[in-house]
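Open your viewer and get ready to select a few residues at a time. We will walk through some aromatic rings, a hairpin and a loop.

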Amino acid sequence: GKKVRKINFVFLFLLFGFVELFAGNRYDMKSGIVEYEIVGDNGKANGSINGTSKLVFKDFGAIELVDEKTTQIIAGEQETERTVSKIVKDTLYTADFDDEIIYSQKLVLDEDSSIQNIKNRESFTQMGAKYLGTETILGYKCDVWQLGEDKIWVYNSVPLKQISKSLGVVQMQIAKTATFNIDIKDDKFKLPNFPVKKIEAIIGGGEDEAEYANPVKR
């Protein structure tokens with residue numbers, strides 16, 4: 001369903017984008033604000049995806065908010081979506097603007113996983129990622145990694161560019177502005193005033209709809 005696809009994209013970014021919850025700091029910098037442009041092709045007739053995303057984090061990633069807005073055109077029909085997700089330590093909150101609900105869930109890594117620190121070179125290699133060298137984005141020297149058909153450009157553990165391919169959808173997210181190690185006010189991390197529903201913890205980041213437990217009222 002639509003919600004699963006939306007949550008999947010958030011998870012692609014968060015999990016492939018270095019969710020590192022149990023091994024110290026998630027990012028190598030104290031704080032940051034990165035604004036991205038999103039462009040894509042959904043593989044259907046006259047289909048396109050355009051949008052923006054904003055990443056705000058502080059305390060080395062202990063608190064993080066991603067606000068993403070996308071517009072898809074499929075066969076002439078336009079659909080606009082907004083997703084706001086927030087991480088507070090080991091809990092992910094995802095705001096659904098269609099249903100005006102915030103889904104809350106614990107983020108846990110698979111117990112068998114040796115990937116405790118997904119931001120360093122050794123763990124990328126453990127994941128089977130291939131190191132492609134360095135490239136500069138906005139004046140920041142990024143490491144470039146490829147995992148399957150996905151590529152990601154990382155500066156001090158913060159993704160500045162990502163190209164993902166899944167189910168015929170090709171999507172690129174690239175930073176247009178990036179500022180780090182600044183004071184960020186708490187109001188930058190506010191979620192919408194929606195009721196919160198708890199979802200069971202998610203292990204890993206697969207694409208299988210069955211992994212996503214039905215929301216339960218609490």
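Strands, labelled E, are DSSP runs of at least two residues, numbered from the N terminus. With that naming in hand, please keep in mind that this is a predicted model.

**Stop 1: a loop lysine.** Select Lys 190, which you will find in the loop between E11 and E12. Is Lys 190 buried or exposed? Its relative accessibility is 63%, so Lys 190 counts as exposed. Now add Lys 86 to the selection: the two lysines are 104 residues apart in sequence, yet their C-alpha atoms are 8.7 Å apart in space.

**Stop 2: the hairpin of E4 and E5.** Show strand E4, residues 77-88, together with E5; the two run antiparallel and are joined by six bridges. For one bridge, pick Thr 83 and look across to its partner in E5, Asp 96. Then move to the turn, where two residues lie between the strands and Lys 89 takes a positive phi near 55°. Switch on a surface and E5 turns out mostly covered, with five of its six residues buried.

**Stop 3: aromatic pairs.** Time to display the rings. How many aromatic pairs does the structure hold? There are six. Begin with Tyr 27 and Phe 57: their ring centres are 4.2 Å apart and their planes meet at 40°, so this pair is tilted. The pair links distant parts of the chain, as Tyr 27 lies in the loop between helix H1 (2-16) and strand E1 (32-41) and Phe 57 in strand E2 (residues 48-58), 30 residues apart. Tyr 27 counts as buried at 2% relative accessibility, and Phe 57 is buried too, at 0%.

Next, select Phe 97 and Phe 194, an edge-to-face aromatic pair with 5.5 Å from centre to centre and 80° between the planes. This pair also links distant parts of the chain: Phe 97 is in the loop between strand E5 (91-96) and strand E6 (101-108), while Phe 194 is in the loop between strand E11 (169-180) and strand E12 (196-198), 97 residues apart. Colour by accessibility and you will see that Phe 97 is partly exposed at 24%, whereas Phe 194 counts as buried at 18%. The cut-off explains the contrast, because buried means under 20% relative accessible area.

**Stop 4: a cluster and a charge.** Select Tyr 140, Tyr 155 and Phe 180, which ring pairs link into a cluster. Finally, bring up Trp 153 and Lys 161: the charged end of Lys 161 sits over the ring of Trp 153, 4.3 Å from the ring's centre.

Methods. Residues numbered from 1 in each chain as written. Predicted model: local features only at pLDDT ≥ 70, side-chain atom pairs only at ≥ 80, totals over all residues. Heavy atoms only, no water. Phe/Tyr/Trp six-rings, centres within 6.5 Å; stacked < 30°, edge-to-face > 60°. Helix = DSSP H or I, 4+ residues; strand = E, 2+ residues; numbered from the N terminus. Buried < 20%, exposed > 50% of the residue type's maximum accessible area, 1.4 Å probe, protein only. Lys NZ or Arg CZ within 6 Å of the ring centre and 35° of its normal. Pairing = 2+ DSSP bridges.
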